[in-house]
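This report describes a single protein chain, from its overall dimensions down to selected residues. The sequence and the coordinates come first.

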Amino acid sequence: MFRHKKSPSAYSVTHQGNKAFHLYPSVPGKAGILLIHGFTASPWEMRPLGEILCRAGYTVAAVRLPGHGTAPEDLSQRRYEEWIEAARRTCDTLQQENDHVHAMGISTGALVSVALTSEQHLSSLILLSPFLAMRHRLAPFTGALRHVRKYQSRELPDHLTDFYYDRRPLNGVYQICRLIRHVRPVLPRITTPTLAVNALGDRTVKFASGYDLFLRLGSPRKEYHLFGPQTGHGLATPDHPSWQAMLDLIQRFLRDMDHLQSHRG
């Protein structure tokens, strides 16, 4: 039986926690921070970081990348250019509200952050689990394979099924490959101060490629940290053993950047 393909606009957010959010501190005055989640995830995974940073005095806005937080069928029809455009719109809002804006992204969100920084001014970049190569065994073949095999299934714990997809659209993986090809040549031209963090226990991306990305950045002010094998890919949520150490890194880096910005201002 023929099934009519739903337009991406016909899909709605499936859980309140998957919606984009905008948090304002009780005492404003610091910068804005753009948060960008990872592939098949949603703004939910950036909420713990967002709330901590808001309590520290930052205005925080988390974008929901198109195709995420709805259904795998929605994501299967999206292009990476839509992800960058959504991040750009949220960044524009933050820049209207704040004198300067930082961007923080995890995994694919880190790549979107880099792409955004290549086209407009941001005060700093914080890249969690950045990469230029995936461990996904089908990634090199998704350009052709996406036309004959739509999804790859995976098991998720029950408490995560509302916030992550248990089916990865192969077209989405192909879009990540396209995004990497878009980002790679612009890295030397990016001079934005950058903090990059990977982990030896990452089973989703090749962590060494995150260091490669870091080395290619043209920024004269950048720093890299690598957590051990006990820490995995999901650096944005507080259920990993390096959470407090990572928070300390991020908050110290932001303080340094804000101090640098105040002297420039």
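The text below covers the whole chain, then two helices, then a few individual residues.

## Whole chain

The model is predicted. Its chain has eight helices and nine strands. The radius of gyration is 18 Å, close to the 18 Å that the globule rule gives for 265 residues, so the chain is as compact as a globular protein of that length. Along the principal axes, the C-alpha atoms fill a box of roughly 65 × 35 × 35 Å.

Of the 265 residues, 55% count as buried. The accessible surface comes to about 12,100 Å², and carbon and sulfur atoms make up 51% of that area. Among contacts with a separation of 6 or more, 77% are between residues 24 or more positions apart. As for charge, there are 32 positive and 22 negative side chains, and the centres of these two sets lie 7 Å apart.

## Helices 1 and 6

Helix 1 covers residues 47-55, and its buried residues include Leu49, Gly50, Ile52, Leu53 and Cys54. Just after helix 1 comes Gly57, with a positive phi of about 110°.

Helix 6 runs over residues 170-183, which makes 14 residues. From first to last C-alpha it reaches 20 Å, close to the 20 Å expected at 1.5 Å a residue. How much of helix 6 is covered? Helix 6 is mostly covered, with 12 of its 14 residues buried. Those buried residues include Leu170, Val173, Tyr174, Cys177 and Ile180, and also the polar or charged side chains of Asn171, Gln175 and Arg178.

His182 also belongs to helix 6. With a relative accessible area of 30%, His182 is partly exposed, because the range for that class runs from 20% to 50%. Beyond residues up to four places away in sequence, His182 touches Tyr80, Ile84 and Ala115. His182 and Pro229 are 47 residues apart in sequence, and their C-alpha atoms are 30 Å apart in space.

## Residues in loops, strand 3 and helix 4

The table gives the relative accessibility of five residues that count as buried.

| Residue | Place | Relative accessibility |
|---|---|---|
| Ala31 | loop between strand 1 and strand 2 | 1% |
| Thr40 | loop between strand 2 and helix 1 | 1% |
| Thr59 | strand 3 | 6% |
| Ser107 | loop between strand 4 and helix 4 | 8% |
| Thr108 | helix 4 | 2% |

Ala31 sits in the loop that joins strand 1 (21-23) to strand 2 (32-36). Which residues does Ala31 contact, leaving aside its neighbours within four places in sequence? They are Tyr58, Thr59, Asn98, His100, His102 and Asp258. Ala31 and Pro193 are 162 residues apart in sequence, with 15 Å between their C-alpha atoms.

Thr59, one of the contacts of Ala31, is placed in strand 3 (residues 59-63). Leaving aside neighbours within four places, the contacts of Thr59 include His22, Leu23, Tyr24 and Pro25. Also in contact with Thr59 are Ala31, Gly32 and Ile33, as well as Leu94, Glu97 and Asn98. Asn98 is thus listed for both Ala31 and Thr59.

Two residues have a positive phi without being glycine. Phi of Thr40 is near 65°, and Thr40 lies in the loop between strand 2 and helix 1. Thr40 is buried, because its relative accessibility of 1% is under the 20% cut-off. Ser107 has a phi of about 60° and lies in the loop between strand 4 (101-106) and helix 4 (108-117). Ser107 is buried too, at a relative accessible area of 8%.

Thr108 is found in helix 4 and has a relative accessible area of 2%, so Thr108 is buried. Not counting residues up to four places away in sequence, Thr108 touches His37, Gly38 and Phe39, together with Trp83 and Phe131. Thr108 also touches Ile176 and Leu179, and both of these are among the buried residues of helix 6. Thr108 and Ala20 are 88 residues apart along the chain, and their C-alpha atoms are separated by 17 Å.

Conventions:
Residues numbered from 1 in each chain as written. Predicted model: local features only at pLDDT ≥ 70, side-chain atom pairs only at ≥ 80, totals over all residues. Heavy atoms only, no water. Helix = DSSP H or I, 4+ residues; strand = E, 2+ residues; numbered from the N terminus. Expected span 1.5 Å × (residues − 1). Buried < 20%, exposed > 50% of the residue type's maximum accessible area, 1.4 Å probe, protein only. Rg over C-alpha atoms; globule rule 2.2 N^0.38 Å. Contact = heavy atoms within 4.5 Å. Areas by Shrake-Rupley, 256 points an atom, 1.4 Å probe, with all protein chains shown as cover. Lys, Arg positive; Asp, Glu negative; His and termini not counted. Charge placed at Lys NZ, Arg CZ, Asp CG, Glu CD.
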